[in-house]
Amino acid sequence: MIDIVRLAFRLAEAVTGFAGRVRQLYYAVMLMGHECHRCGGGLVMEVEGRCRCKACGHEFDPTVAFQSCGTCGGRLELRVRRYRCTQCGADVASRFLFDGLAFDAEYFRQKMTESRRRKRDLRERVRKMLAESRSPHLDAMPADLTTIPGLVDALNGLVGSADEAVPWQAATGFDLKRYQSHVEAHLRDFPIGLDDIPSLTEDVRKDLIWRFVAIIFMAHAGLVDVWQDGPTITVMKHEANGEGQDIPGDLEDADGIEGPLCRAEA
């Protein structure tokens, strides 16, 4: 009997190996006739968008170094994840990319730094907001019920005899998991006010406090982003729980194209 699974794995390995050899041949052909501009040595492709001199070890982008704009002949630059002509602004397909995508590493390092800074600022704003919302310390003297004649007897008459056993009742208070599930069910990919999340109890004021406590726990767990906009508490899904990686959505503004960063383009 033919082992189809084993043959399928062998075929996949053969195709992968063949693709690797084709990639190496493609790079060798494209770099043929080009040399290192520092020492004149031969070149070999290291990764997508980066070649290395075999003599001095210098690494650089062969598309920027050797290719020009086919429309105006201008110099190319790497713009986040595409090559653009610095003279006419046209997008240019690189001849030195086989099946991958070149990335501007410095740009992504800056974006990650900005993302971490925004998270630190958000945590600091929430910490200050919580500190300012705390009630001041109350130095209250204990009440002396004996100073009012007949008050103790009246209170005992309301609650029953001191010797009478009081039945235990389970507390019906705050359920953190219930409120977290309730908040998650109403979160959106855009900011919404805390007041926009419906109440779970008839006590609107207490329910608002419990909703706020729930989103603070969720923000600490990295599930939501929360901040204060004037008197309004605003909450939304944490950006890392959406699509792609934890890089803010400034990419479309920076290079004018849409789509997730990590999707390879042929």
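Contact here means heavy atoms within 4.5 Å. The structure is a predicted model. Thr63 offers a starting point. This residue lies in helix H2, which covers residues 62-66. Thr63 counts as buried because its relative accessibility is 0%. Neighbours within four places in sequence are left aside here; Thr63 is then in contact with Leu76, Tyr83, Ser94 and Phe96. Ser94 also has a polar link to Thr63. The two side chains make a polar contact at 2.5 Å.

The cysteines were examined next. A search of the whole structure finds zero disulfides. Cys51 is therefore in no disulfide, since a disulfide needs two cysteine sulfur atoms within 2.5 Å, and the nearest cysteine sulfur to Cys51, that of Cys36, is 8.2 Å away. Cys69 is likewise in no disulfide. Its nearest cysteine sulfur belongs to Cys88, at 3.7 Å. Both Cys51 and Cys69 lie under the 20% cut-off for buried residues. Cys51 has a relative accessibility of 0%, so it counts as buried. Cys69 is buried with a relative accessible area of 4%.

Helix H6 runs over residues 204-220. Its 17 residues should span 24 Å at 1.5 Å a residue. The C-alpha atoms at its ends are 24 Å apart, so the expected span and the model agree. Several residues of H6 are buried: Asp207, Trp210, Arg211, Phe212, Ala214, Ile215, Ile216 and Met218. After H6 comes Gly222, which has a positive phi, near 80°.

In soluble globular proteins, nonpolar side chains tend to be buried together. The largest nonpolar core of this model holds 19 residues. Within this core, Val183, Phe212, Ile215, Ile233 and Val235 touch the most other members. Five elements are listed as giving two or more residues to the core: helix H3 (105-133), helix H5 (176-186), H6, strand E8 (224-229) and strand E9 (232-237). H6 gives the most, with six residues. Val183 can be followed through its contacts. Apart from neighbours within four places in sequence, Val183 is in contact with Ile197, Ala214, Ile215 and Met218. Ala214, Ile215 and Met218 are among the buried residues of H6.

Another core lies apart from the largest one. This second core has nine residues, among them Leu31, Cys36, Cys51 and Cys53. Cys51 thus appears twice in this account: as a buried cysteine and as a member of the nine-residue core.

Note on methods. Residues are numbered from 1 along each chain as its sequence is written. This is a predicted model: local features need pLDDT of at least 70, side-chain atom pairs count only at pLDDT 80 or more; totals for chains, interfaces and linings use all residues. Side-chain values use heavy atoms; hydrogens and water are left out. Helices (H or I, at least four residues) and strands (E, at least two) are DSSP runs, numbered from the N terminus. Buried means under 20% relative accessible area, exposed over 50%, partly exposed in between (1.4 Å probe, protein chains only). A polar contact is a pair of N or O atoms within 3.5 Å; within protein, one must be able to donate a hydrogen and the other to accept it, and residues adjacent in sequence count only if both atoms are side-chain atoms. The expected span of a helix is 1.5 Å times one less than its number of residues. A nonpolar core is a set of buried Ala, Val, Leu, Ile, Met, Phe, Trp, Tyr and Cys residues joined through side-chain atoms within 4.5 Å.
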